[in-house]
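This briefing introduces the strands, cores and salt bridges of one protein structure. Please keep the sequence and the structure in view while reading.

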Amino acid sequence: MIKEPRPGRVKTRLGRDLGMTAAAWWFRHQSAQLLRRLEDPRWRLILAVAPDHKGLTSRVWPAHLPRVPQGQGDLGVRMARQFKTLSGPTCVIGADIPGIMPPHIAQAFSALGDHDAVFGPAPDGGYWLVGLKHAPKAGLFENVRWSTEHALADSRASLKDAKIATIATLADVDTVADLARL
């Protein structure tokens, strides 16, 4: 899941301290590096872009990578939409996690071999990866308190009786303090 890197539209919490242009610049370069690192023949890399029209036609991202619109709704609605439209085991990640490496993605897909779902937690109570073995059931990501320390627990609860695996904890970058920890 990736947003067009426009000042004031991405990394706004980071932008409050760093400046909106600098935050957008960081996000553009961070996500470009991430995409280069994660291209791998073991999986298909698809960009779920926002905003829909500008993301689909953007020249910022590599032209050879397929793109799909995120569509409307909160983060949960947009992620659930990706799981419903893609077939087979699918993992969704954010683009603001500098530590993601191909072995993390491979570990997530491996975990889906004998689990229904997989999460890559973040230290703040959220997560950097969610994967599902099959298309989601109704109720996925309902009642999740996004951007809080409850996001992971609420998301896990929305999966009800699913067998869930957990992989490496990785940090995202939301603030200047997060950036300084890099």
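**Strand pairing and β6**

Leu 132 in β6 is the bridge partner of Ala 117. The structure is a predicted model. The points below begin with the strands around β6, continue with a second sheet, and then turn to the nonpolar cores and the salt bridges.

**Strands around β6**

- Strands β5 (residues 117–121) and β6 run antiparallel and are joined by five bridges.
- The hairpin of β5 and β6 has five residues between the strands, and Gly 125 in this hairpin takes a positive phi near 95°.
- Strand β4 (residues 90–93) also pairs with β6 in the antiparallel sense, over four bridges.
- Within the pairing of β4 and β6, Ile 93 stands opposite Leu 129.
- Strand β6 (residues 127–132) is mostly covered, as six of its six residues are buried.
- In general, the strands of a sheet pair through backbone hydrogen bonds, and the pairing may be parallel or antiparallel.

**The open parallel sheet**

- Three strands, in the order β1-β2-β3, form an open sheet with parallel pairing.
- Strands β1 (2–3) and β3 (67–69) stand at the edges, each with a single partner strand, so one side of each is left without a neighbour in the sheet.
- Strand β2 (residues 47–50) runs parallel to β3, and three bridges join the two.
- Ala 48 stands opposite Val 68 in β3.

**Nonpolar cores**

- The largest nonpolar core has 33 residues, and the residues with the most contacts inside it are Ile 2, Ile 93, Ile 100, Ile 105, Val 118, Trp 128 and Leu 129.
- The elements that give two or more residues to this core are α2 (20–38), β2, β4, α5 (102–111) and β6.
- Helix α2 gives the most to this core, with seven residues.
- Which residues are in contact with Ile 105, leaving aside its neighbours within four places in sequence? They are Leu 38, Trp 43, Ile 93, Ile 100, Trp 128 and Leu 129.
- Apart from the largest core lies another core of 19 residues, which includes Ala 48, Ala 117, Leu 132 and Leu 140.
- Ala 117 and Leu 132, which are bridge partners, are thus named again among the residues of this other core.

**Salt bridges**

- How many salt bridges does a search of the whole structure find? The search finds seven.
- One of them joins the side chains of Arg 13 and Asp 174, with an N to O distance of 3.2 Å.
- This pair links distant parts of the chain, 161 residues apart: Arg 13 is in helix α1 (residues 12–18), whereas Asp 174 is in the loop between β7 (164–166) and α7 (176–181).
- Arg 13 is partly exposed, with a relative accessible area of 37%, while Asp 174 is buried because its value of 10% falls under the cut-off of 20%.
- Arg 13 and Asp 174 also belong to a network of salt bridges that links them with Lys 11 and Asp 96.
- The side chains of Asp 40 and Arg 42 form a salt bridge at 2.9 Å, N to O.
- Asp 40 is buried at 18% relative accessible area, whereas Arg 42 is exposed at 54%.
- A further salt bridge, at 2.8 Å from N to O, joins Arg 145 and Asp 154.
- Arg 145 is partly exposed, with a relative accessible area of 43%, and Asp 154 counts as buried at 12% relative accessibility.

Conventions:
Residues numbered from 1 in each chain as written. Predicted model: local features only at pLDDT ≥ 70, side-chain atom pairs only at ≥ 80, totals over all residues. Heavy atoms only, no water. Salt bridge = Lys/Arg side-chain N within 4 Å of Asp/Glu carboxyl O. Buried < 20%, exposed > 50% of the residue type's maximum accessible area, 1.4 Å probe, protein only. Pairing = 2+ DSSP bridges. Core = buried A, V, L, I, M, F, W, Y, C linked by side-chain atoms within 4.5 Å. Contact = heavy atoms within 4.5 Å.
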